[in-house]
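Here is a short walk through one protein model, written for someone who would rather be at the bench. Keep the 3D view open and follow along.

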Amino acid sequence: QVQLVESGGGLVQPGGSLRLSCAASGRIISIASMGWYRQVPGKERELVAGITSGGSSNYADSVSGRFTVSRDNAENTVYLQMNRLKPEDTAVYYCNAAIQPYTSNSFNLYWGQGTQVTVSS
């Protein structure tokens, strides 16, 4: 069974930094795109950053220049380095990944359980 497990959330002061990690586990043949989304109560989940298997990345305008997404293909892990955090970055952050498991001939989209990031003084 394929799972995504996130870590690294927490409470940080404005201007501070956090690094989120998301590791995929299970019987995996291949992982295509990986990414991070965030959601606040009452709003839709929004894309924060994505990265392809080749390393090409894209970012939401609101985080461009402050956040960096990266991945370790050998470890099936995606990271989100968040710098110069602002109170409006407060949200539950979810990772997702397009994964081909051993039990399928196609790629399926998997989600992590979410990790809370709170930016407050």
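The report below goes from the overall fold to the core, then to the disulfide and two loop residues.

**The whole chain**

Please keep in mind that this is a predicted model. The protein chain has 11 strands and 0 helices, so from the N terminus on you will meet one β element after another, in the order β-β-β-β-β-β-β-β-β-β-β. The radius of gyration is 14 Å, close to the 14 Å that the globule rule gives for 121 residues, so the chain is as compact as a globular protein of that length. Along its principal axes, the C-alpha trace spans about 45 × 25 × 25 Å.

Buried residues account for 41% of the 121 residues. The chain exposes about 6400 Å², and carbon and sulfur atoms supply 45% of that area. Looking at contacts between residues at least 6 apart in sequence, 55% join residues at least 24 apart.

**The nonpolar core**

The largest nonpolar core has 30 residues, and W36, L80, M82, Y93 and I99 touch the most other members. Which elements give two or more residues to this core? They are β3, β4 (28-39), β5 (46-51), β7, β8, β9 and β11 (115-119). The largest share, 5 residues, comes from β9.

L80 is a good residue to click on. Leaving aside residues up to four places away in sequence, L80 touches L18, R19, L20, W36, V48, A49, F67, T68, V69 and Y93. Two of these partners, W36 and Y93, are also on the list of core residues that touch the most other members.

**The disulfide**

The structure holds 1 disulfide. It joins C22 to C95, with an S to S distance of 2.0 Å. The two cysteines link distant parts of the chain: C22 sits in strand β3 (residues 18-25) and C95 in strand β9, 73 residues apart. The link between C22 and C95 is right-handed, with 45° about the S-S bond. As a reminder, a disulfide is a covalent bond between the sulfur atoms of two cysteines.

Are C22 and C95 buried or exposed? The table gives the relative accessible area of each, together with the two loop residues discussed next.

| Residue | Relative accessible area | Class |
|---|---|---|
| C22 | 0% | buried |
| C95 | 0% | buried |
| L85 | 2% | buried |
| R66 | 7% | buried |

Each of these residues counts as buried because its value is under 20%.

**Two loop residues, L85 and R66**

L85 is found in the loop between β8 (77-82) and β9 (91-101), while R66 is found in the loop between β6 (57-59) and β7 (67-72). How far apart are L85 and R66 in sequence and in space? They are separated by 19 residues in sequence and by 7.7 Å from C-alpha to C-alpha.

Not counting residues up to four places away in sequence, L85 touches V12, P14, G15, G16, S17, L18, R66, F67 and V119. With the same kind of neighbours left out, R66 touches Q81, M82, N83, R84, L85, K86 and D89. M82, one of these partners of R66, is also one of the core residues that touch the most other members. In addition, a polar atom of the R66 side chain lies 2.8 Å from the backbone oxygen of S62.

How values were computed: Residues numbered from 1 in each chain as written. Predicted model: local features only at pLDDT ≥ 70, side-chain atom pairs only at ≥ 80, totals over all residues. Heavy atoms only, no water. Helix = DSSP H or I, 4+ residues; strand = E, 2+ residues; numbered from the N terminus. Buried < 20%, exposed > 50% of the residue type's maximum accessible area, 1.4 Å probe, protein only. Contact = heavy atoms within 4.5 Å. Disulfide = S-S within 2.5 Å. Polar contact = N/O pair within 3.5 Å; in protein donor to acceptor, adjacent residues only side chain to side chain. Rg over C-alpha atoms; globule rule 2.2 N^0.38 Å. Areas by Shrake-Rupley, 256 points an atom, 1.4 Å probe, with all protein chains shown as cover. Core = buried A, V, L, I, M, F, W, Y, C linked by side-chain atoms within 4.5 Å.
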